[in-house]
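Visitor: I'd like a close look at one part of this model, and then a walk outward from there to whatever surrounds it. Could you take me through it in one go?

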Amino acid sequence: MAVSVDEAVSAGPTPDRPPPARRVRRRGHGRSVLEVVLLTVLAVVMLFPVLWMIETSIKENRDVYAVPAEFFGFTVTLDHFRDVFVGADGGRSALSVAFLNSVVVAGVSTVLATVLGVPAAWAYSRFTLKAKKDQLFFILSTRFMPPVVVVVPIFLMYRQVGLIDSKLGLILIYAAFNVPFTIWMMKGFVDEVPAEYEDAAMLDGYSRLQAFGKFTLPLLVPGIAATAVFALIFSWNEFVFAIFLTSSDDVRTAPPAIAGLIGGTTVDWGLVAAASVVFALPVLVFAYLVRRHLVAGVTLGAVRR
Amino acid sequence: MAGIEVSALHKRYPDGTVAVEHVDLSIGDGELFVMLGPSGCGKTTTLRAIAGLERQTSGDIRIGDTLVNDLPPAERDIAMVFQFYALYPHLKTRDNLAFPLRAEGLPKHEVQARVGEAARLMRLGPLLDRRPRQLSGGEQQRVALARALVRRPRAFLMDEPLTNLDAELRADMRTEIKHLQGELGATMVYVTHDQVEAMSLGHRIAILNKGRVEQIGTPLEVYDRPASLFCAAFIGSPPMNLIEVEVADGKLRGQGGLVLTPPPGLPRDRPLVAGVRPEALEVTAPGADRSVPARVVSAEWLGDEIIYVVDHSGGRDVRVRMPPTVRFAADAQVGLRHTGGTPAVYDVRTEELVA
């Protein structure tokens, strides 16, 4: 998940930064120059692959292979982007189907994980349960292993129950991976909302569930947004399960579909780059929209009330 | 208004923690009853059980004549004030007050009248159109009190309502709550860990420890004759001096030579400890009449009084409260004598008051 956090946070601009910069300027010119140089180098290293991807996506194929590489002055074309969505026969391309699959799988699995995880987090936060810590540890332990370790047993189980090569199968496995994360992250948010709101509401005539729905839940919305974005990014980016558990074009999600473009006798790098740009955009936009909540979500719990 | 009866209350959580071992309380109609104890003593759990926010493992709770064991909180006709106020953050003061009434389904004019009345009583007029985060801590707590008032409940339950306020405001609110309770003749159960709050507010105080009631009594009873060594150490600042004593020649004699008047009916066959309040002792010039030789270990100058820590070779150092006019330097040789009446005497093994 750490990778997603980095991506998510660095995705948006950071408008709240000026104060530190001012402080640095006061401390000395030399230091600030050094910082700017280092940060520029870092930014170039980080952003160059992204820039190169974007450039490749709007170059014609002969410019892509040009040696020496052309940074400027190539002919701009949007053909690759058209190819992402429109197939050779003029109908929908396999990639566009894959993108739609990604939207469905990531969306539904995120909703499922949130719907299951948020009430569970609430319960773990509010109630005294037998062996609560052990239960929470067990829930977290399902995330200890990388997906590739469990993919073979899951493949065998899925084949037995007929979930192989189905969107439902992917949705279920992604939800299963996101529920523990949702529970742990949301528990922190629920802990921050005083239980007294619910107590007061119950004294005012609401049932426990109504009290949760009417008073605690609205206060949890920022936390739910942040958690859901993380879950969404995980499901959207997930590759290992997707490539092992699906095979047909009408089920496959975008990551294996894009990977599938590489490996023929010739590789259409323009199409790969364009598909990657389209694939990266939704996550960027979404992370940008909820950037405030993301930062709140990442730092929450660090400060005591 | 109604009284509250709690009998043989026991609360055990699913994880095995016992919050309340055994609690019996009988709270009178119109009484301001304080439950006092350190954190984890079961006072809040007991209060929450009365409110219906926790279901007791066993035992009965009656409010008025109604057995409320199986009633949800809303049907118990009680109001509760919380440590964190629990005002609904998205509602203005006015709507926060009206909320429980609207939830009950009262007609509009009745809601308005009651909100107006509570606002007048708690002087909330100018705050009615603000939201909780625009209010100071004290104002929020007054709104929370008013929200409890509007319901005209049979009893008020207060869960450390003043803990989050600063000291000055706390004293003001204490007066306000006491005044309000008297004016309304309300039954009020008040939970606190602050002995000053308990002493100044309560008609009666229950001291709880480890899920059991150690003592129930008026503030004076609790102060003068703590029922156990725990109560003796918990009430009073500085707490009671506990002096190991033996009965000899019809007197209580401490190890350091202090002589105390024994209460009648003392058992002779077990080790005893006398509880002596710091104000029942006196630091005198060395060799004064009836005094034992002692040495000042340290002195805390509090302005209106001085607390002397005195070593009189009696095992433990004792604390003595003296007026600020009587001054001795640290390490000075002094006399120590007992000036109070009969002390409370405890059995060392059972830790309970014996006479």
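What follows is a close look at one helix, then at the rest of its chain and at the partner chain.

Visitor: Take helix 14 of chain A, residues 269-289. What is the distance between its end C-alpha atoms, where does the helix bend, and which of its residues are buried?

Guide: Sure, and keep in mind throughout that this is a predicted model. Let's start with length. Helix 14 of chain A has 21 residues, and at 1.5 Å a residue that should give a span of 30 Å. The end C-alpha atoms are 30 Å apart, so expectation and model agree.

There is a bend, though. Helix 14 of chain A turns by about 25° at Leu281(A), and Pro282(A), a proline, follows within four residues.

Now for burial. The buried residues of helix 14 of chain A are Gly270(A), Leu271(A), Val272(A), Ala273(A), Ala274(A), Ala275(A) and Ser276(A), together with Phe279(A) and Ala287(A). Neither Leu281(A), where the bend sits, nor Pro282(A) is on that buried list.

One of those buried residues, Ala273(A), gives us a way over to another helix. The C-alpha atom of Ala273(A) is 8.7 Å from that of Trp52(A), although 221 residues separate the two along the chain. Trp52(A) belongs to helix 3 of chain A, residues 29-57. Trp52(A) itself counts as partly exposed, because it has 13 C-beta neighbours inside 10 Å and a residue is called buried only from 20 upwards and exposed at 12 or fewer.

The UniProt record has something to say about both places. Its unreviewed entry lists "transmembrane region" for several stretches of chain A, among them 32-54 and 269-290. In the model, residues 32-54 of chain A are 100% helix and 0% strand, with end C-alpha atoms 31 Å apart. For residues 269-290 of chain A the figures are 95% helix, 0% strand and 32 Å between the end C-alpha atoms. The other stretches listed in that entry are 99-124, 136-158, 170-190 and 211-236.

Also from an unreviewed UniProt entry, the feature "domain: ABC transmembrane type-1" is placed at residues 99-290 of chain A. That span is 79% helix and 0% strand, and its end C-alpha atoms lie 22 Å apart.

Step back to the whole of chain A and you find 15 helices and 0 strands. Of its 305 residues, 32% are buried. Take the contacts in chain A with a separation of 6 or more, and 74% of them are between residues 24 or more positions apart.

Before we leave chain A, there's a backbone detail at Asp165(A). Most residues other than glycine have a negative phi, and most peptide bonds are trans. Phi of Asp165(A) is near 55°, a positive value. Asp165(A) sits in the loop between helix 8 (147-161) and helix 9 (167-192) of chain A, and with 16 other C-beta atoms within 10 Å, it is partly exposed.

Now across to chain B. Where the two chains meet, 17 residues of chain B are in contact with 14 residues of chain A. On the chain B side, strand 6 (78-81) and helix 2 (93-104) each supply at least two residues. Helix 2 of chain B gives the most, with 4 residues. By class, that side of chain B has 15 nonpolar residues, 2 charged ones and no polar ones.

Chain B itself is divided into domain 1 (4-232) and domain 2 (238-347). The centres of the two domains, taken over C-alpha atoms, are 39 Å apart. Between them, 4 residues of domain 1 of chain B are in contact with 6 residues of domain 2 of chain B, and the domain 1 side has 3 nonpolar, 1 charged and no polar residues. An unreviewed UniProt entry puts "domain: ABC transporter" at residues 4-235 of chain B, a span that is 37% helix and 25% strand in the model.

Two last backbone details, both in chain B. Ser237(B) and Pro238(B) are joined by a cis peptide bond, with omega about -5°; Pro238(B) is in the loop between helix 8 (229-234) and strand 11 (241-248) of chain B. And Ala8(B), in strand 1 (residues 4-12) of chain B, has a positive phi near 50°. Ala8(B) counts as exposed, with 11 C-beta neighbours inside 10 Å.

Methods: Residues are numbered from 1 along each chain as its sequence is written. Chains are lettered from A and ligands numbered from 1 in the order in which they are written. This is a predicted model: local features need pLDDT of at least 70, side-chain atom pairs count only at pLDDT 80 or more; totals for chains, interfaces and linings use all residues. The expected span of a helix is 1.5 Å times one less than its number of residues. The bend at a residue is the angle between axes fitted to the seven residues ending there and the seven starting there. Two residues are in contact if their C-beta atoms, placed from the backbone, lie within 7 Å. Ala, Val, Leu, Ile, Met, Phe, Trp, Tyr, Cys and Pro count as nonpolar, Asp, Glu, Lys and Arg as charged, and the others, Gly among them, as polar. UniProt positions are given in the numbering used here, feature names are shortened, and annotations may be inferred rather than shown by experiment. Domain bounds come from an automatic or database domain assignment.
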